[in-house]
Amino acid sequence: MRGVLWMFDPYEGERVIRWIETFCRHRKGEWAGKPVRLAPWQKRLIRQVFGWFGLDGFRKHREVWWEIPRKNGKSTLAACIAAYLTVGDREPAAEVYIIATSQKQAIDLVYNDTKAMIDGSPALSAQIETAKKGAYHAASDSRLQTLGKGSQHGYNPHGVIGDEVHEWKNRDQYEAMTTAQGTRRQPLKLFITTAGHDRASLCGELHDIALQVQQGLIYRPDLHVRIFAAGANDDWKSEVTWHKANPGLRYGAPKISALREAFNKAEQSKADENSFKRLHLNLWTDSQTAWIRRTDWDACAKPIDWSKLAGARCLAGLDLAKVHDLSALALLFTPDNPLFPGKWILGLKFWCPEENIRERARTVGVNYEAWRDMGLLTATPGNATDFDCIERDILALSKVFKIEGLGFDPWLAQQLIQHLIDAGIPCHEVRQGFITLGPPTAAFERMVIAGEIVHGGHAIMNWNVANVQVDTDAAGNIKPNKAKSKRKIDGVTAAVNATALGLTVKIAPDISGFLSAPVMSAG
């Protein structure tokens with residue numbers, strides 16, 4: 001409720017700071033064994049999280065989202081807070097959980113630091129028993145545990161620490177801990193991470209929510225957000241930008257010499273440049289060998305009134321799932337269309353077996369269910385690719401739009417293709433080697449870079465484009481590599497198959513002009 005009043009109690013924030021600096025010690029590096037001395041920026045975060053209260057006397061913030069670049073001491077800060085929530089927060093029988101993609105990672109990222117802090121403090125070690133995977137405080141019956149993937153339901157957490165969320169492969173641990181119906185008075189769930197490169201992942205989803213809260217677009221008084229990052233228009237090569245993104249830089253963590261060394265490598269390699277931007281400037285990037293820049297792709301996004309394209313000519317490209325994942329159809333409307341004359345228009349349709357949508361959301365870490373509910377993904381019956389459903393949908397679209405040809409990978413669905421041919425849709429094999437895919441891949445890339453294509457900003461296609469990694473042969477031809485691309489690229493494959501028809505089959509305006517100059521890199 002927006003009418004709720006919040007009060008700031010400076011004592012409570014200072015109490016947490018004093019507790020950490022009294023009992024916590026550094027585990028490694030040049031400060032190993034020395035008491036933790038929080039930097040001013042860290043103290044500000046703690047005061048904000050622990051200092052605000054509602055009229056009921058309990059903390060305002062129940063969930064925390066911090067994005068902090070590498071080597072700014074975020075894991076040490078998380079370890080300090082984990083120790084405090086376990087024994088310093090005056091919560092009887094507190095349960096505090098450190099979660100990550102695996103229990104080993106939870107131990108390595110945060111717990112080992114927390115354990116060292118406890119073992120290195122005479123006052124804490126006298127009261128807390130530590131083990132390899134957790135700790136126990138007998139006087140308050142409180143415990144600190146590490147958890148990895150798998151079932152994490154049935155807990156009653158007072159505190160949750162989730163580190164490096166961008167590495168999480170599924171959403172199990174997050175959903176289990178954030179939906180736990182416990183009886184805690186003022187639980188706190190802290191999620192802390194460096195920027196990622198997959199905006200459709202759980203981390204990307206939470207990042208977008210955090211941005212909306214930060215911009216005042218979403219009212220979430222329970223969520224505290226702080227994102228330390230360079231701005232989209234900042235000069236990534238400037239040390240002024242480095243200081244802006246790294247709050248600990250002026251205090252020696254990270255060291256400026258280490259950033260300069262990483263920057264020198266970044267100037268020599270696109271992959272190292274992306275890594276530098278993501279890890280040290282906290283900028284979200286696409287795949288490490290990004291094929292198409294996100295800015296170039298987004299610049300082609302415009303609202304599309306598909307009803308105004310009824311009867312318009314288009315080329316189709318189909319990419320079918322072998323068994324149980326995404327299938328995609330791309331419709332590439334020719335430049336003589338009535339909506340954006342002179343430009344190609346790209347439309348997409350995706351299918352996935354209904355019984356696998358939840359499983360794919362869990363294992364891939366992408367919210368297929370939300371896409372289905374938004375109408376972006378068609379759920380087909382069963383747990384395997386339903387070729388009959390896909391065929392019906394394509395035939396229905398062919399009655400609305402004039403499909404002049406469909407490009408397909410001859411490896412799959414010969415019966416579906418034969419049915420489409422029988423229905424009057426010309427179908428053409430698009431083999432998946434360099435000779436066949438090289439020219440249309442290059443042409444599609446140049447169409448995007450030149451702004452000669454319009455797409456509707458389809459969320460699944462945005463994800464696919466960001467996922468693409470390409471192979472290059474000795475002649476410089478490129479093609480999308482499904483095996484190398486760690487996440488799905490089906491929409492891109494379908495779009496390239498459609499583009500191939502404009503080059504190899506004379507059924508549409510020739511698009512070979514887009515090959516007149518060398519293919520631009522994503523740099």
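These exercises work through helices, strands, salt bridges and a surface patch in a predicted model.

**Exercise 1. Helix α3**

Task: Check the length of helix α3 and decide whether the helix is buried or exposed.

Solution.
- Step 1. Locate the helix. α3 covers residues 74–87, which is 14 residues.
- Step 2. Work out the expected span. At 1.5 Å a residue, α3 should span 20 Å.
- Step 3. Compare with the model. The end C-alpha atoms of α3 are 20 Å apart, so the two values agree.
- Step 4. Apply the cut-off. Buried means under 20% relative accessible area.
- Step 5. List buried residues. Among them are Lys 74, Ser 75, Leu 77, Cys 80, Ile 81, Tyr 84 and Thr 86.
- Step 6. Conclude. 12 of the 14 residues of α3 are buried, so the rest of the structure largely encloses this helix.

**Exercise 2. The eight-stranded sheet**

Task: Give the strand order of the open sheet of eight strands, then look at the pairing of β4 with β8.

Solution.
- Step 1. Read across the sheet. The order is β5-β6-β7-β4-β8-β9-β3-β10, and the pairing is mixed.
- Step 2. Find the edges. They are β5 (128–130) and β10 (223–227), each of which pairs on one side only.
- Step 3. Check the angle. On average, neighbouring strands of this sheet are turned by 10 degrees against each other, direction ignored.
- Step 4. Take one pair. β4 (residues 95–99) and β8 (residues 159–163) run in the parallel sense and share four bridges.
- Step 5. Pick a residue. Tyr 97 stands opposite Val 160 of β8.

**Exercise 3. Salt bridges**

Task: Describe the salt bridges of Glu 95 with Arg 184, Arg 171 with Glu 175, and Arg 313 with Asp 336.

Solution.
- Step 1. Start with the total. The structure holds 26 salt bridges.
- Step 2. Take Glu 95 and Arg 184. Their closest N and O atoms are 3.9 Å apart. The cut-off is 4 Å, so this pair counts as a salt bridge.
- Step 3. Place this pair. Glu 95 is in strand β4, while Arg 184 is in the loop between α6 and β9 (188–193). They are 89 residues apart and link distant parts of the chain.
- Step 4. Check burial. Arg 184 has 14% relative accessibility, so it counts as buried.
- Step 5. Take Arg 171 and Glu 175. Their side chains meet at 2.9 Å, N to O. Arg 171 is buried, with a relative accessible area of 6%. Glu 175 is partly exposed at 24%.
- Step 6. Take Arg 313 and Asp 336. Here the closest N and O atoms are 2.9 Å apart. Arg 313 is in strand β11 (residues 313–319), and Asp 336 is in the loop between β12 (327–333) and β13 (344–353). The two residues are 23 residues apart.
- Step 7. Check their exposure. Arg 313 is partly exposed at 23%. Asp 336 is partly exposed at 48%.
- Step 8. Look for shared partners. Glu 91, Glu 95, Arg 184 and Arg 185 are joined into one network by salt bridges.

**Exercise 4. Strand β13 and its partners**

Task: How does β13 pair with β12, β17 and β14?

Solution.
- Step 1. Begin with β12. It pairs with β13 in the antiparallel sense over seven bridges. Leu 329 stands opposite Lys 349 in β13.
- Step 2. Go on to β17 (residues 453–455). It pairs with β13 in the parallel sense over three bridges. The partner of Leu 346 in β17 is His 455.
- Step 3. Turn to β14 (residues 377–380). This pairing with β13 is parallel too, over four bridges. Phe 350 has Leu 377 of β14 as its bridge partner.
- Step 4. Judge burial. Nine of the 10 residues of β13 are buried, so the strand is largely enclosed by the rest of the structure.

**Exercise 5. Two residues to place**

Task: Where do Met 7 and Tyr 174 lie, and is each one buried or exposed?

Solution.
- Step 1. Place Met 7. It lies in strand β1 (residues 6–8).
- Step 2. Check Met 7. Its relative accessible area is 42%, so it is partly exposed.
- Step 3. Look at its surroundings. Leu 5, Met 7 and Leu 55 make a nonpolar surface patch of about 330 Å².
- Step 4. Place Tyr 174. It sits in helix α6 (residues 172–178).
- Step 5. Check Tyr 174. At 13% relative accessibility, it counts as buried.
- Step 6. Add a distance. The C-alpha atoms of Tyr 174 and Phe 263 are 34 Å apart, and the residues are 89 apart along the chain.

Methods:
Residues are numbered from 1 along each chain as its sequence is written. This is a predicted model: local features need pLDDT of at least 70, side-chain atom pairs count only at pLDDT 80 or more; totals for chains, interfaces and linings use all residues. Side-chain values use heavy atoms; hydrogens and water are left out. Patches are made of residues with over 30% relative accessible area and no salt bridge: like charges are joined within 9 Å, nonpolar side chains (Val, Leu, Ile, Met, Phe, Trp, Tyr) within 5 Å. Accessible areas come from the Shrake-Rupley method with a 1.4 Å probe; for residues, only the protein chains shown count as cover. Buried means under 20% relative accessible area, exposed over 50%, partly exposed in between (1.4 Å probe, protein chains only). The expected span of a helix is 1.5 Å times one less than its number of residues. Two strands pair if DSSP finds at least two bridges between them. Axes are lines fitted to C-alpha atoms, for helices over the stretch in contact, and angles run from 0 to 180 degrees between N-to-C directions.
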